[in-house]
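Reader: I'd like a close look at one part of this protein, with enough of the surroundings to place it. Could you walk me through it?

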Amino acid sequence: MKFIFFLSLPLYALDQLTKYLVQRFVDPNQPRVVVAGFLDLVNVTNTGAAFGSFKNNNAFFIAISCLALLFVVTLLVRQRTHDIWRDVSLALLLAGILGNLTDRLLYGHVIDFLLFDLHVPLAHPWPAFNVADSCICIAVACFIIHSFKQKRVVSAEDS
């Protein structure tokens, strides 16, 4: 359990610090170029979900975030065997949920600031995101990898 908080809390703090700095130093109408043609820092407000979908539903997303937070905490406190993939996934998910939920509660929207231009169709530019969004995406990738590893272990035991 300590490991999970050791990973979650610094990521949550990083998310909140970067959003604070963006709000303070990046004008919403003036992106800051970090790597020309590839990465800009922007100050974008997102009242919806991923990629700006379902705009202006802050109360709904607060409720969904609270349910997700309750689910993650329930998984964390249950008796379990040590599983690094599960622990890392839950730690990242916890940091991401808390980061975006904090924004929704404090500001009524999520603050996004990383804008990549991948110069490929449908990602030109990629929608702006933040540290919390990154944590959630990496958590999902870890869960997927973990599920494939679990299937392989179960299949080997069945043979």
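Where is His 119 found?

Author: Happy to. Bear in mind that this is a predicted model. His 119 sits in the loop that runs between β3 and α4. Its backbone is a bit of an oddity: phi is positive, at about 55°, although His 119 is not a glycine.

Stay in that loop for a moment, since Trp 126 lies there too, between β3 (110–116) and α4 (131–158). Trp 126 counts as partly exposed because its relative accessibility is 32%. That matters for the surface, where Trp 126 joins Val 34, Val 35, Phe 38, Leu 118 and Val 120 in a nonpolar patch of about 480 Å².

Some of those patch members take us over to the hairpin. Strand β1 covers residues 32–35 and strand β2 covers residues 39–46, and the two pair in the antiparallel sense over 3 bridges. Val 33 has Asp 40 of β2 as its bridge partner. Between β1 and β2 there are 3 residues, and in that turn Gly 37 has a positive phi of about 75°. So if you're scanning for positive phi, you can look at Gly 37 in the hairpin turn and at His 119, the non-glycine case.

Now follow the chain out of the loop and into α4, which spans 131–158. You may be eyeing the cysteines with disulfides in mind, but a search of the whole structure finds 0 of them. For Cys 137 the reason is plain distance: its closest cysteine sulfur, in Cys 135, is 9.5 Å away, so the two are too far apart for a bond. Cys 137 is exposed, because its relative accessible area is 53%. Cys 142, on the other hand, counts as buried, since its relative accessibility is 9%.

To put all this in context, the protein has 4 helices and 3 strands. In sequence order they run α-β-β-α-α-β-α. Of its 159 residues, 38% count as buried. Take the contacts between residues at least 6 apart in sequence, and 64% of them join residues at least 24 apart. The patch we started from belongs to an exposed surface of about 9900 Å² for the protein, with 70% of that supplied by carbon and sulfur atoms.

Definitions and conventions: Residues are numbered from 1 along each chain as its sequence is written. This is a predicted model: local features need pLDDT of at least 70, side-chain atom pairs count only at pLDDT 80 or more; totals for chains, interfaces and linings use all residues. Side-chain values use heavy atoms; hydrogens and water are left out. Patches are made of residues with over 30% relative accessible area and no salt bridge: like charges are joined within 9 Å, nonpolar side chains (Val, Leu, Ile, Met, Phe, Trp, Tyr) within 5 Å. Accessible areas come from the Shrake-Rupley method with a 1.4 Å probe; for residues, only the protein chains shown count as cover. A salt bridge is a side-chain nitrogen of Lys or Arg within 4 Å of a carboxyl oxygen of Asp or Glu. Buried means under 20% relative accessible area, exposed over 50%, partly exposed in between (1.4 Å probe, protein chains only). A disulfide is a pair of cysteine sulfur atoms within 2.5 Å. Two strands pair if DSSP finds at least two bridges between them. Contact means heavy atoms within 4.5 Å.
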